[in-house]
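Biologist: Hi! Could you walk me through this one, starting with any enclosed spaces inside?
Modeller: Happy to, let's bring it up.

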Amino acid sequence: MDLRRLAMGDEARSDVALTVAALVFGPLLLGSLRGGSGLLGVLLNVAVVLALTALVPLLLIRSRAGGRAGGRSIARGLALDASPAGLRRGVVLAVPAGLAGVLGMLTAGATPGAALLGRLSGASLQAVQVAAFSVGAIVLTVFLVRRGAEAFPRSPEWTLRRILRAVGAAAAVVALVAGLVRVPLGASAPRVLANALALLAIVLVADRIVDTGRTAPRLAVFLPACLALYLYITGFGFGVGLQAGALAAGTTAVIGTLALGRDGAWPAVPLALAVHLWPTCLSPLALVGGLC
């Protein structure tokens, strides 16, 4: 049994390393394909985002399932094999993100109608990008957390609630401080407060949803949260990157701890949609960007 567990741990560590490598080095190869306009530009952007976030995890799930890409093995690998009823529990998580997004767009000069529609206020094709961002965030974050729980069995076991509180609260504080430091340099104080308070509210709501008795290796959530912070800092510089990366790390911890619970990743789906429907800086993906 120990040998089998060690072998599974080696496989899981290999999966985590491959996924991280694709996310870190992939933009160097595919980043030039992004940024186009029109239908072709949107489709290329969607293809690049899904390739960097979802393709590698899905291929690894397929290979570990013995080459069978059945819906059951994919659902199990992404913690979507539980009842979709968990979606209802997660709807309230989307509210703080939506409010922060509306406020952010209003402060950036958008009309109330456009602010309510978020990214959909541009072109109808934006809906495709929102869907791609949301799918990529769920697939990547859940895969890293679930495989990380198997990859790092010697990491200290914490309750999911303790992990959520530790990462989420620290991320909200760091985002607030880093954002306020940027205010004299031109950052919007209302947006800084809105993003930090939205993350704190999301963490508090998730604290009521996450399973209280379940435990997991803390590194399973710490690693993807730190990865999100690193990618934002390298992509946007230390100032903006620290603020946005902290927000992303907090959202990653929320999605990750929910995915390790009895309802799987379903409660995190509304949150993933909300952080990409409105241009906040709460997305786990540094590929997205937003209004900080």
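**Cavities and a surface patch**

Modeller: By class, the lining of the second largest cavity has three nonpolar, four polar and one charged residues. Here Ala, Val, Leu, Ile, Met, Phe, Trp, Tyr, Cys and Pro count as nonpolar, Asp, Glu, Lys and Arg as charged, and the others, Gly among them, as polar. This is a predicted model, where local features need pLDDT of at least 70, side-chain atom pairs count only at pLDDT 80 or more, and totals for chains, interfaces and linings use all residues. Residues are numbered from 1 along each chain as its sequence is written, and side-chain values use heavy atoms, with hydrogens and water left out.

Biologist: Which residues line the second largest cavity?
Modeller: The lining is made of Ala100, Gly101, Gly104, Arg191, Asn195, Pro279, Thr280 and Leu291. A cavity is a set of points, on a 1 Å grid over the protein atoms alone, where a 1.4 Å probe fits but cannot get out, and lining residues have an atom within 4 Å of a point.

Biologist: Which helix gives the most to that second largest lining?
Modeller: That is α4, with three residues. Both α4 (86-107) and α8 (189-209) supply at least two residues each. Helices are DSSP runs (H or I, at least four residues), numbered from the N terminus.

Biologist: And how much space is in there, in the second largest cavity?
Modeller: About 30 Å³. The largest cavity has about 50 Å³. A volume is the space filled by probe spheres set on the grid points, which are joined across faces, edges and corners.

Biologist: What classes of residue line the largest cavity?
Modeller: Four nonpolar, two polar and four charged. Among them are Arg89, Asp211, Arg262 and Asp263.

Biologist: Switching to the outside: which residues make the nonpolar surface patch?
Modeller: Leu180, Leu193, Leu197, Leu200 and Leu204 make a patch of about 450 Å². Patch residues have over 30% relative accessible area and no salt bridge, and nonpolar side chains (Val, Leu, Ile, Met, Phe, Trp, Tyr) are joined within 5 Å. Helix α8 gives the most to the patch, with four residues.

Biologist: Why is leucine 193 called partly exposed?
Modeller: Because its relative accessible area is 40%, and partly exposed lies between buried (under 20%) and exposed (over 50%), with a 1.4 Å probe and protein chains only.

Biologist: What about leucine 227, buried or exposed?
Modeller: Leucine 227 counts as buried, at 11% relative accessibility. Leucine 227 sits in helix α9 (residues 219-236).

How values were computed: 1 Å grid on protein atoms, 1.4 Å probe; cavity = no way out; pocket = protein on both sides within 12 Å on 5 of 7 lines; lining within 4 Å. Patch = residues over 30% accessible without salt bridge, like charges linked within 9 Å, V, L, I, M, F, W, Y side chains within 5 Å. Areas by Shrake-Rupley, 256 points an atom, 1.4 Å probe, with all protein chains shown as cover. Salt bridge = Lys/Arg side-chain N within 4 Å of Asp/Glu carboxyl O.
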